[in-house]
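Thanks, everyone; I would like to use these few minutes to walk through the ligand site and the pockets of one model. Please keep the structure open while I talk.

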Amino acid sequence: MATFAPDADGIGASFATVLTNIAMLGGTFDPIHSGHLRSAVELREHLNFDELRLVPCHVPPHRDVPQATSAQRLRMLELALADEPGLAIDARELQRGAPSYSIDTLIALRAELGAHCALSLIVGMDAFAQLHTWHRWQELLDYAHIVVIARPGSALPQSGAVADLLHAKRGDSATFAAQPNGSIVSVELTPLPISATAIRQLINSGHSPRYLLPDAVWNYIREQRLY
Ligand code: ATP
């Protein structure tokens, strides 16, 4: 696990360990499950990330199904990642206590990691197709690469503003990390058919979600009487 240390100028923080290729994967992680974990491990190996950070987002309290609190989602991430040194948790969006834009998280990460570290934002194909609706979307590549997770048979956007950006910025997954930011690469992964929604529904209806998520997380869910 990397450790943070203050910058000499005292403004930001930087890694005491030298990291050169970092990625972030945002999500609700309510709860974290084996679909997230397998994808994270495969992406890290395929794209040679030194560290892949799972970034739980702030979710306003609401809704029909019982929701885990931010503290509970964070604890489940900690339990899930306890034995996996290449994966880390970045809790900055929870600490803000309000929803964050991805651009703000990337700006903060870039300030901490310095100008030379390769930084990647991982997004699913569905999210990528809607990139033009994101806050300050045209600035994302000023701070990071974008890694798009493609499913076998899924197609990247062919027309429109996102397709134009892809056409201008498409990079090679073997070489993109030689630059700190600015490329879009797509990686084909076969996702496990697991979702947090389905896990919550199983638990809610009295069924076992065992083997869809780490046992430590399932034990915690039972202990806390979640979902
Ligand atoms: P929910 O069912 O509550 O919408 P989810 O299972 O999709 O949740 P999120 O926390 O929303 O989980 O997902 C975080 C990220 O992980 C997203 O980019 C999402 O596309 C990706 N992801 C979710 N499930 C899988 C899976 N089975 N395989 C690969 N990636 C996944």
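An oxygen atom of the ligand lies 2.7 Å from a backbone N or O atom of Ala-196, and I count this as a polar contact, by which I mean a pair of N or O atoms within 3.5 Å. This is a predicted model, in which local features need pLDDT of at least 70 and side-chain atom pairs count only at pLDDT 80 or more, while totals for chains, interfaces and linings use all residues. Residues are numbered from 1 along each chain as its sequence is written, and side-chain values use heavy atoms, with hydrogens and water left out.

Two further contacts of the ligand belong here: a polar backbone atom of Ile-194 is 2.8 Å from a nitrogen atom of the ligand, and an N or O atom in the side chain of Arg-200 is 3.2 Å from an oxygen atom of the ligand. Taken alone, the ligand exposes 600 Å², of which the protein buries 72%; these accessible areas come from the Shrake-Rupley method with a 1.4 Å probe.

Which residues are the closest to the ligand? They are His-33, Ser-39, Leu-192, Ala-196 and Thr-197, out of 16 that surround the ligand, where a residue counts if one of its heavy atoms lies within 4 Å. By class, this shell has six nonpolar, nine polar and one charged residues, with Ala, Val, Leu, Ile, Met, Phe, Trp, Tyr, Cys and Pro taken as nonpolar, Asp, Glu, Lys and Arg as charged, and the others, Gly among them, as polar.

The ligand takes the space of the largest pocket, the criterion being that more than half of its atoms lie within 2 Å of the grid points. A pocket here is an open set of points on a 1 Å grid over the protein atoms alone, where a 1.4 Å probe fits, with protein on both sides within 12 Å along at least five of seven lines, and lining residues have an atom within 4 Å of a point. The largest pocket holds about 930 Å³, a volume being the space filled by probe spheres set on the points. Its lining comprises 34 residues, with Leu-25, Gly-26, Val-123, Gly-124 and Ile-149 nearest the centre, and divides into 20 nonpolar, eleven polar and three charged.

The second largest pocket has a volume of about 180 Å³. Among its 13 lining residues, Thr-28, Phe-29, His-33, His-36 and Ala-196 are the closest to its centre, and the classes are three nonpolar, seven polar and three charged.

Finally, two points of backbone geometry: Asp-30 and Pro-31 are joined by a cis peptide bond with omega of about 5 degrees, whereas Arg-136, although not a glycine, has a positive phi of about 50 degrees.

Definitions and conventions. Polar contact = N/O pair within 3.5 Å; in protein donor to acceptor, adjacent residues only side chain to side chain.
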